[in-house]
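Have a look at this one with me. We'll wander through a couple of loops, then a recorded domain, and end up at the ligand.

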Amino acid sequence: MIRKILKKLTHPFLKYGTGKYFSKPRPYNYESIEVMVMPEVFPPHYTLSTKILLDYIKPLNLKDKTVLELGCGSGIIGLFAASKGAEVIASDINEVAIKTLKQSASKNKLDITIIKSDLFEQIFKDDFDYVIINPPYYPKTPKSVKERAWFCGENFEYFKILFKQLSMRKDHYILMILSQDCDIDKIRTIATHNNLEFILEQERMALAERNFIFRINKK
Ligand SMILES: C[S@@+](CC[C@H](N)C(=O)[O-])C[C@H]1O[C@@H](n2cnc3c(N)ncnc32)[C@H](O)[C@@H]1O
């Protein structure tokens, strides 16, 4: 029963529909880092995927590693990686996210490179130690840049382009978080068509949602 209620509360469209609370800039914290999340940007506050990725990278030795947070939103993951000594690029298609992250980086006194890019279009380095992706995964056509945080296109276009690009790159460790709420089989099939495979790195239950961090490898 409780799980059912939690499930209802964390339903994506409810999460997405939290318009009122997130109609104002809201801070989000992890350890000593604070970012400002603008209304047009993905709110990491209670979807939990961002926090799960942050907890995952926390014990990693990132000193002098190169890290790309692809689709960085608030950029908290990129900033946290930088605080652990990584050399970070954070990218997003959302201009508001990019602009706000520049301010957050400066407030946290962290030096990262912030790039507006449609997936890898403007990313010219192709051999990161880590690429970290928290993707949009609901199959619907996004009608605004804000909706691109949630919707991957009616026919999973985001993944079709992403996996094609990943298959041609030389990155070492590609991490992607997905949830039981999304069509993992379909996403995995698109990866397989691009000669990529998913290796399960971590499975974590948060509220009533099972989340999976996959490592994406070339077959
Ligand atoms: C689920 S949010 C994750 C944000 C952040 N990484 C986090 O974990 O809090 C997905 C992000 O991907 C970005 N995005 C969606 N499509 C994109 C694309 N084609 N190129 C770059 N970024 C994209 C969205 O703007 C959004 O910021």
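Start in the loop that links strand 1 (26–30) to strand 2 (33–37), where you'll find Glu31. This is a predicted model, so keep that in mind as we go. What is the sign of phi at Glu31? It's positive, near 50°, and the residue is something other than glycine.

Now jump along the chain to another loop, the one between strand 8 (196–206) and strand 9 (209–218), which holds Leu207. Leu207 isn't a glycine either, yet its phi is positive, at about 50°.

Next, the stretch with a label. UniProt, in an unreviewed entry, lists residues 49–138 as "domain: Methyltransferase small". In the model, residues 49–138 are 33% helix and 21% strand. The C-alpha atoms at the two ends of that stretch sit 14 Å apart.

On to the ligand. Which pocket does it take up? The space it fills is the largest pocket. There are 18 residues around the ligand, and those that come nearest are Thr50, Glu69, Gly71, Asp92 and Leu119. If you sort the shell by character, you get eight nonpolar residues, six polar ones and four charged ones.

Zoom in on the polar contacts and pick out a few. An N or O atom in the Asp92 side chain is 2.6 Å from an oxygen atom of the ligand. Asp118 also uses its side chain, placing a polar atom 2.8 Å from a ligand nitrogen. With Ser117 it's the backbone that takes part: one of its N or O atoms lies 3.5 Å from a nitrogen atom of the ligand. And how much of the ligand does the protein bury? On its own the ligand exposes 600 Å², and 97% of that is buried by the protein.

Key
Residues are numbered from 1 along each chain as its sequence is written. This is a predicted model: local features need pLDDT of at least 70, side-chain atom pairs count only at pLDDT 80 or more; totals for chains, interfaces and linings use all residues. Side-chain values use heavy atoms; hydrogens and water are left out. A residue is near a molecule or strand if one of its heavy atoms lies within 4 Å of it. A polar contact is a pair of N or O atoms within 3.5 Å; within protein, one must be able to donate a hydrogen and the other to accept it, and residues adjacent in sequence count only if both atoms are side-chain atoms. Accessible areas come from the Shrake-Rupley method with a 1.4 Å probe; for residues, only the protein chains shown count as cover. On a 1 Å grid over the protein atoms alone, a cavity is a set of points where a 1.4 Å probe fits but cannot get out, and a pocket is an open set with protein on both sides within 12 Å along at least five of seven lines; lining residues have an atom within 4 Å of a point. A molecule sits in a cavity or pocket if more than half of its atoms lie within 2 Å of its grid points. Ala, Val, Leu, Ile, Met, Phe, Trp, Tyr, Cys and Pro count as nonpolar, Asp, Glu, Lys and Arg as charged, and the others, Gly among them, as polar. UniProt positions are given in the numbering used here, feature names are shortened, and annotations may be inferred rather than shown by experiment. Helices (H or I, at least four residues) and strands (E, at least two) are DSSP runs, numbered from the N terminus.
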